[in-house]
Amino acid sequence: MKSEKNPAGRRKNRSVLEKYNGSKLGWLHDVIFLVLAVAVIFCIFRFCIGFSLVGGDSMSPTLIDGDIVVFNRMNDDYRPGHIFP
């Protein structure tokens, strides 16, 4: 495909909107998407689920020192013995 040239022999200038196909601030959309994704992930881990590291041998033999436990933050009805492997 040949490029169009003007009489002076230079390439014909394309407009900014044509160059970016109408998305002049495409990087801004990516940044907004990234910020929203981080905010959603933060909210999920802050309000819905959590991780905890078992410290000590008080929960043995089911859990040992150093195990990672995933728990549901939305349910506060935990009682002794509620472990779901």
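Let's start with V69, which sits in strand β2. Keep in mind as we go that the model you're looking at is predicted. Is V69 buried, exposed or something in between? With a relative accessibility of 26%, V69 counts as partly exposed, because that label covers the range between the 20% limit for buried and the 50% limit for exposed. Which residues does V69 touch, once you skip those up to four places away in sequence? The list is G50, F51, S52, V54 and L63. You can also look from V69 over to I83: they are 14 residues apart along the chain, and their C-alpha atoms are separated by 9.6 Å.

Stay in strand β2 and slide along to N72, which is found there too. N72 has 34% relative accessibility, so it counts as partly exposed. Leaving out residues up to four places away in sequence, N72 touches C48 and Y78. The C48 pairing is a nice one to find on screen: N72 and C48 are 24 residues apart along the chain, yet 6.0 Å separates their C-alpha atoms.

Now zoom out to the whole protein. What does its secondary structure come to? There are two helices and two strands. Walk along from the N terminus and you meet these elements in the order α-α-β-β. The protein has 85 residues, and 4% of them are buried. Its accessible surface comes to about 8,100 Å², with 62% of that belonging to carbon and sulfur atoms. As for contacts between residues at least 6 apart in sequence, 17% of them join residues at least 24 apart.

How confident is the predictor about all this? The average pLDDT for the protein is 76, and 69% of the residues score at least 70. Where is confidence lowest, and where is it highest? The low point is helix α1, residues 16-19, with a mean of 50, while the high point is α2, at 91.

Helix α2 is also a good place to look for a nonpolar patch on the surface. This patch covers about 790 Å² and is made by V40, I41, I44, F45, F51, L53, I68 and V70. Three elements give two or more residues to the patch: α2 (26-48), β1 (49-53) and β2 (68-72). Which of them gives the most? That's α2, with four residues. Take V40 as one member of the patch. V40 is found in helix α2, and its relative accessible area of 48% makes it partly exposed.

Finally, let's check the cysteines. A disulfide is a covalent bond between the sulfur atoms of two cysteines. How many disulfides does this model have? The count comes to zero. Why don't C43 and C48 form one? For the sulfur of C43, the closest cysteine sulfur is in C48, 8.4 Å away, and that is too far for a bond because a disulfide needs the two sulfur atoms within 2.5 Å. Coming from the other side, the closest cysteine sulfur to C48 is the one in C43, so again the 8.4 Å gap is too far for a bond. Are these cysteines buried or exposed? Both land in between: C43 is partly exposed, with a relative accessible area of 37%, and C48 is partly exposed as well, at 27% relative accessibility. You've already met C48, by the way, as one of the residues that N72 touches.

Conventions. Residues numbered from 1 in each chain as written. Predicted model: local features only at pLDDT ≥ 70, side-chain atom pairs only at ≥ 80, totals over all residues. Heavy atoms only, no water. Patch = residues over 30% accessible without salt bridge, like charges linked within 9 Å, V, L, I, M, F, W, Y side chains within 5 Å. Areas by Shrake-Rupley, 256 points an atom, 1.4 Å probe, with all protein chains shown as cover. Salt bridge = Lys/Arg side-chain N within 4 Å of Asp/Glu carboxyl O. Buried < 20%, exposed > 50% of the residue type's maximum accessible area, 1.4 Å probe, protein only. Contact = heavy atoms within 4.5 Å. pLDDT = per-residue confidence, 0-100.
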